[in-house]
Amino acid sequence: MNHGTGTAGDADVTVRLTALPPLTELHRLRDDLGVTRIRVPAPIRLAPDDGVVFCEFVDFLRRAASALIAVDWGGIVDLPPAVAAACAHLSPPMTADSEAARTWQALHPGSYLHLREGPGFRLVKDTRQGRPPSRTVLDEAPELALVVLLSSPRTVEEIADEGLADQLASFLEHDFAAVCDGSAVLLTTRLSRWPIPYSAL
């Protein structure tokens with residue numbers, strides 16, 4: 001990881017694809033160093049035939065959004081437009097070389113998918129553009145177990161082994177999670193600090 005001073009409009013920090021920071025490090029960058037933007041200089045290829053890269057990078061975008069840090073990245077987005085739309089609340093690619101990339105960019109402004117934690121439940125507020133806004137309460141033990149399990153990407157087989165295949169199917173129906181080539185990733189962000197956008201409340 002390279003820490004730089006940056007100038008107006010530049011990313012504050014540059015990271016390597018092989019060393020994407022965890023959420024604790026992202027919060028440290030934001031809180032202690034005032035970092036609000038990260039740059040990933042290497043081109044990223046998001047495609048249906050590489051579930052590991054897709055899930056790990058989308059999970060990184062999710063962590064960054066949870067820490068209120070934007071990510072500048074580019075590359076090839078060879079995904080179904082519906083998958084890109086499900087990721088609309090995360091930092092979009094800077095390149096627009098595909099329908100999926102253009103969909104992601106177009107839907108990003110004003111899109112949020114927040115998970116708020118309560119005693120014995122989770123509340124998901126979905127204001128992603130292109131769909132009706134919604135609030136969903138997750139209060140059944142298997143649903144909560146899947147949220148915990150997907151704190152990092154997992155294979156579909158691992159999720160099934162935990163007896164949570166039905167819950168994953170429900171998450172996929174609501175686009176709270178995504179599956180790519182046998183790997184699954186949670187899409188919801190968790191904002192633990194202010195400022196929280198007005199539309200997220």
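Strands here are DSSP runs of E with at least two residues, helices are runs of H or I with at least four, and both are numbered from the N terminus. Two strands pair if DSSP finds at least two bridges between them.

Before you click around: this is a predicted model, where local features need pLDDT of at least 70, side-chain atom pairs count only at pLDDT 80 or more, and totals for chains, interfaces and linings use all residues. Residues are numbered from 1 along each chain as its sequence is written, and side-chain values use heavy atoms, with hydrogens and water left out.

**Stop one: a sheet**

Select β10, β12 and β11. In that order these 3 strands make an open sheet with antiparallel pairing. At the edges sit β10 (154-155) and β11 (177-180), each pairing on one side only. Now look at β10 beside β12 (residues 183-186): the two pair in the antiparallel sense over 2 bridges. Click Arg-154, and you'll find its bridge partner in β12 is Ala-184.

Next, add helix α2 (residues 51-66), which packs on the sheet and touches β11 and β12. Contact means heavy atoms within 4.5 Å. The direction of α2 makes about 5° with that of β12; axes are lines fitted to C-alpha atoms, for helices over the stretch in contact, and angles run from 0 to 180 degrees between N-to-C directions. Helix α7 (residues 165-173) also packs on the sheet, touching β11 and β12, but its direction makes about 105° with that of β11.

**Stop two: a pocket**

Keep α2 on screen and select Arg-62, Arg-63, Ser-66, Val-147 and Val-148, which are among the residues lining the second largest pocket. A pocket is an open set of points on a 1 Å grid over the protein atoms alone, where a 1.4 Å probe fits, with protein on both sides within 12 Å along at least five of seven lines; lining residues have an atom within 4 Å of a point. Which elements give two or more residues to this lining? They are α2 and α5 (141-149), and α2 gives the most, with 3 residues.

**Stop three: two loops**

Most residues other than glycine have a negative phi. Go to Leu-68, in the loop between α2 and β5 (70-72): it isn't a glycine, yet its phi is positive, about 60°. Then jump to Asp-181, in the loop between β11 and β12. Asp-181 has a positive phi too, about 50°, and is not a glycine. Is Asp-181 buried or exposed? Asp-181 is exposed, with a relative accessible area of 52%; exposed means over 50%, buried under 20%, and partly exposed in between (1.4 Å probe, protein chains only).
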